[in-house]
Each structure stands twice: as structure tokens, then as C-alpha cells.
Amino acid sequence: NCLGYDPDDYVEAGDYRNIKVSLDEEDYTVTEQDIRERIDAESAQMPVYTKTTKKTVKDGDTVRIDYSGIPEGEEEPSWEGSGEHLTIGSGQMPDGFENGLIGHSVGDTVKLDLVCPEDHPDQDLAGKKISFEVEIEAIETVKTVQADKMTDDYVLVHFYDLYQVKTVEELHDYEKEQLEKDMETQKETDRKEKYLEELVSVS
């Protein structure tokens, strides 16, 4: 009405008091498959790294590194990491960083002189030369643990800080509870949308 229009001049509300909507309860039932898929999706972000006996870095290897990068004209690092996992060829680091480690050995400290990309979010670094020093600590394997292979030890290490759960059973119950809450929220949203559709149809 603040725009100078009166809705009653244009819309005749239907019998909204007697509108009834129904939803299929099965669409909002949490299944064991739903729980497994949720746990699998989360554990995929928490892989297990195991040190190998490999000594020389090759393309595709996952390495554990310590590194620091100092821009030209500065004394303090702008890039730093300790015990970081990096897969060679992933493009996670600036151009030349990952390729610069290929052929080096575990225990080596590698010095790399690179140029920060012009489109770097920090314009103070864009286009600047960066001197990196990288220590290769290990070459590792990466394994994702799925729900049906999960142990209490894995849950304690990877999920306790997130959800305060210590066992596979506790994680299962937690995820089930969260999924049920999500389903209730979705159900209420769908109910409102369906009610509005019915209201429009009778108005």
C-alpha cells in the first residue's frame, strides 16, 4: 500500500482457511545411505597421510613440506607453512613452485625465485618476485577413509574437535541427528511453498 496500490483492488483471496497440503513423508526420511554419504563426504576432506620410503619427488607425488616466501624488498615472509601437504601438479602454489620440487630428494632444502601472479588478490604482492625456501620432509601416500572402514581411532583424531564425538557410533548418531534437522527444515520450507501455490490457485 506504500506504493499507492491496494491489493484488494486487484486480488481476491480464496478460502485460505481451508487449504490443506500434504507431503510424502518418505521424501524426508533419513536413511542409512544418507548417513554414510554424509560421513564419506566429510571424511574425504580429512585424508590419512602415510610416509613412504620414496626419496625423489616426481609429478603427482604428495609431499609434506615446510616453506617460507619473502617478497623482494621485504624482510618478513608473506607465505609460510609448516608440515603442509602438497600434491605436485595440483596448481595449489604459484607457478614454478611445484615443478621446482621435482627431482629433489627428501631432506633437501630447495630455494626458488618466483614471480607472484599479476592477478594475486593482494595487490601489494602482485607482480613481485618472491624468494621461497622449501624443506621437503617426506613423500606420502594419501588415503580417504570411508564410513564402512572407519575406526574409533580415526573418528577421535579427525572428528572430535569438530563434533566432540569419540567413536564411530557417536559419529553415526551425530550425523543422523543433523540430517534429521536438515530434513525438518526442508520439509517446513516445502510445506510453505506448497501452501503458497495452493493459495495462488484459489485466489
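The expected span of a helix is 1.5 Å times one less than its number of residues. That yardstick is used in two of the views below, all taken from a predicted model.

**Figure 1. Helix α2 falls short of its expected span.** The helix has 12 residues. A straight helix of that kind would reach 16 Å at 1.5 Å a residue, but the end C-alpha atoms of α2 are only 14 Å apart. Its buried residues are Tyr154, Val155, Phe159 and Tyr163. Seen down the axis of α2, they fall within an arc of 80°, so they line one face of the helix. On the other side, Asp153, Val157 and Asp161 are exposed. The cover over the buried residues of α2 includes α1, β1 (48-51) and α3.

**Figure 2. Helix α1 agrees with its expected span.** This helix runs over residues 32-43. Its 12 residues should span 16 Å at 1.5 Å a residue, and the end C-alpha atoms are indeed 16 Å apart. Ile35, Ile39, Glu42 and Ser43 are the buried residues of α1. They cover an arc of only 95° around the axis, which puts them on the same side of α1. An α-helix has 3.6 residues a turn, so residues three or four places apart point the same way. The buried residues of α1 pack against α2 (152-163) and α3 (168-201).

**Figure 3. A close-up of Ile39 in helix α1.** Is Ile39 buried or exposed? At 6% relative accessibility, Ile39 counts as buried, because the cut-off for buried is under 20%. Leaving aside neighbours within four places in sequence, Ile39 is in contact with Ala147, Met150, Leu171, His172 and Glu175. Glu98 is 59 residues from Ile39 in sequence and 31 Å from it in space, C-alpha to C-alpha.

**Figure 4. Helices α2 and α3 cross.** Their axes come within 9 Å and cross at roughly 40°. The two helices are therefore oblique to each other. From α2, the contact is made by Asp152, Val155, Phe159 and Tyr163. From α3, Val168, Leu171, Tyr174 and Glu175 take part. Val155, Phe159 and Tyr163 are also listed among the buried residues of α2.

**Figure 5. Gln164 sits in the loop between α2 and α3.** Most residues other than glycine have a negative phi. Gln164 is not a glycine, yet its phi is positive, at about 55°. This residue follows α2.

**Figure 6. Aromatic rings form a cluster.** The structure holds 6 aromatic pairs. One of them joins Trp79 and Phe132. A pair of aromatic rings is described by the distance of the centres and the angle of the planes. Here the centres are 5.5 Å apart, with 40° between the planes, and the pair is tilted. Trp79 lies in strand β3 (residues 79-87) and Phe132 in strand β5 (residues 129-143), so the pair ties together parts that are 53 residues apart in sequence. Both rings belong to buried residues: Trp79 is at 17% relative accessibility, and Phe132 has a relative accessible area of 3%. Ring pairs link Tyr67, Trp79, Phe97 and Phe132 into a cluster.

**Figure 7. Val202 lies in the segment after α3.** With a relative accessible area of 42%, Val202 is partly exposed. Where is Val63 relative to Val202? The two are 139 residues apart in sequence and 64 Å apart in space, C-alpha to C-alpha.

Definitions and conventions. Residues are numbered from 1 along each chain as its sequence is written. This is a predicted model: local features need pLDDT of at least 70, side-chain atom pairs count only at pLDDT 80 or more; totals for chains, interfaces and linings use all residues. Side-chain values use heavy atoms; hydrogens and water are left out. Rings of Phe, Tyr and Trp (its six-membered ring) pair if their centres lie within 6.5 Å; planes under 30 degrees apart count as stacked, over 60 as edge-to-face and the rest as tilted. Helices (H or I, at least four residues) and strands (E, at least two) are DSSP runs, numbered from the N terminus. Buried means under 20% relative accessible area, exposed over 50%, partly exposed in between (1.4 Å probe, protein chains only). The arc is that of the directions from the helix axis to the C-beta atoms. Contact means heavy atoms within 4.5 Å. Axes are lines fitted to C-alpha atoms, for helices over the stretch in contact, and angles run from 0 to 180 degrees between N-to-C directions. Angles under 35 degrees count as roughly parallel, over 145 as roughly antiparallel, 65 to 115 as roughly perpendicular and the rest as oblique.
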